[in-house]
Amino acid sequence: MTAGRLFVVGIGPGELALLTDQARAALRQAEVVLGYRAYLEQVAELLGRQRLEPFELGEEVARAERAVQLAAEGATVALVSSGDAGVFGMASPVWEAVERRLASGRPVPATEVVPGVTAALAAAALLGAPLGADWAAISLSDLLTPWEVIARRVELAAAADFVLALYNPTSSRRRWQIERARGLILGHRRPETPVGVVRRAFRPDQELLVTNLAGLPDTSIDMTTVLIVGAASTRLVAGRLVTPRGYRPPPAAGPERSVDSPGSP
Ligand SMILES: C[S@@+](CC[C@H](N)C(=O)[O-])C[C@H]1O[C@@H](n2cnc3c(N)ncnc32)[C@H](O)[C@@H]1O
C-alpha cells in the first residue's frame, strides 16, 4: 500500500444536485481529477485547484491504469465515472488495474468507490415507479460482450418476467441491437407492455417518453438513452409506469354516513 489514495467517483446522471456529499468531498480532496472529457465538464464548477487529465471515449483501460499509477506514486486522485462507477463504469477497470499491479509486485494505493445515482434509477424516478419489483440491468453494447451472450440474457430475463433496464441501446456505429432485443422480449411480453424511454436524464436537454413495445420502433433512441421495459404487472397510472410491489389495496371507501343514520352499527 502507498500513501496515495484513489477515489472512483460516481457523478450521477447529470445534474449536480444528484451528486452525493461523499462524491463532492472526494473531488474536493483530490489533487488530480481524471475522466472522460464530457464528465469533467459536467463537474467543472466543483473543481478549482485540481489538475485535470481529460480522456476520450474508448480509453477506459488507459484511464484506469493512469489513475492507479498516479495514486500509487502518492497523489490523491479522483477518477470520475457517470452515474454509478460500479454499473458499466470505471470501478471494475480500476480494480483490474490494481490486480495487475499486485500480480507484478508493484505497490497499490488505497482505493475507494464512491457510489452515484445510476441511469436506471434516475430514469425510474422520472418515469414513476417501474422498478418496484425485481429488475435486471442489461447493456446492449457488444463492444466487450458477444451479441449471443447479450441476446441470451435479454431472452432469459424477459422469460423470467424481470423489468428490464436496457443500457447502451445504440451507438453511432450500431443501431440494430435494440430492434433485436425488442423482438426477443416480444416472445415473452404483450405488445402493449409499457416502455419508458429516457434520454439524457437530469441534463438540461432531458427527454422522456412513455410508449409500449409495439410503439418502440417509432421512438428516437441514442447512446445517451436508457430504456425501461415493464414486466407483466407493470401498468400506467396517470401516465407513469408503475410496477406494483404486491401489497393488497385498502377496502374501497364508500360514501360517508353520519353516525346516527339508520344503517350505522
Ligand atoms: C457506459 S454506460 C454508463 C452507465 C453509468 N455508469 C451509470 O451508472 O449510469 C452508458 C449508458 O448509460 C446510460 N446513461 C448514462 N447516463 C444517462 C442519462 N443521464 N440518461 C439516460 N441514460 C443514461 C445510457 O444507456 C448510456 O448508453
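Contact means heavy atoms within 4.5 Å. Helices (H or I, at least four residues) and strands (E, at least two) are DSSP runs, numbered from the N terminus. This is a predicted model: local features need pLDDT of at least 70, side-chain atom pairs count only at pLDDT 80 or more, and totals for chains, interfaces and linings use all residues. Residues are numbered from 1 along each chain as its sequence is written, and side-chain values use heavy atoms, without hydrogens or water.

**Exercise 1.** Work out which residues of helix 1 are buried and what covers them.

*Solution.*
- Step 1. Helix 1 spans residues 21-29, with Ala 23, Ala 26 and Leu 27 buried (under 20% relative accessible area, 1.4 Å probe, protein chains only).
- Step 2. Their arc around the axis is only 100°, taken from the directions from the helix axis to the C-beta atoms, which puts them on the same side of helix 1.
- Step 3. An α-helix has 3.6 residues a turn, so residues three or four places apart point the same way.
- Step 4. Asp 21 and Arg 28, on the other side of helix 1, are exposed (over 50%).
- Step 5. The cover over the buried residues includes strand 1 (5-10), strand 2 (32-36), strand 4 (76-81) and strand 5 (110-114).

**Exercise 2.** Give the strand order of the open 5-strand sheet, then place helix 1 and helix 4 on their strands.

*Solution.*
- Step 1. The order is 3-2-4-1-5, with parallel pairing (at least two DSSP bridges between two strands).
- Step 2. Strand 3 (51-55) and strand 5 are the edges, each pairing on one side only.
- Step 3. Strand 2 and strand 4 pair over 3 bridges, in the parallel sense. Leu 34 stands opposite Leu 79 in strand 4.
- Step 4. Helix 1 lies across strand 1, strand 2, strand 4 and strand 5, at about 140° to strand 1 (axes fitted to C-alpha atoms, for helices over the stretch in contact; angles from 0 to 180 degrees between N-to-C directions).
- Step 5. Helix 4 (residues 91-103) packs on the sheet and touches strand 1, strand 4 and strand 5. Its direction makes about 170° with that of strand 5.

**Exercise 3.** Find the residues with the most contacts inside the largest nonpolar core, and the element that supplies its largest share.

*Solution.*
- Step 1. A nonpolar core is a set of buried Ala, Val, Leu, Ile, Met, Phe, Trp, Tyr and Cys residues joined through side-chain atoms within 4.5 Å.
- Step 2. The largest has 21 residues, and Ile 138, Leu 140, Leu 164, Leu 166, Ile 185 and Leu 227 have the most contacts inside it.
- Step 3. Helix 6 (147-159) is among the elements that each supply at least two residues. The largest share, 6 residues, comes from helix 6.
- Step 4. A second, separate core of 20 residues includes Leu 34, Phe 55, Ala 91 and Val 94.
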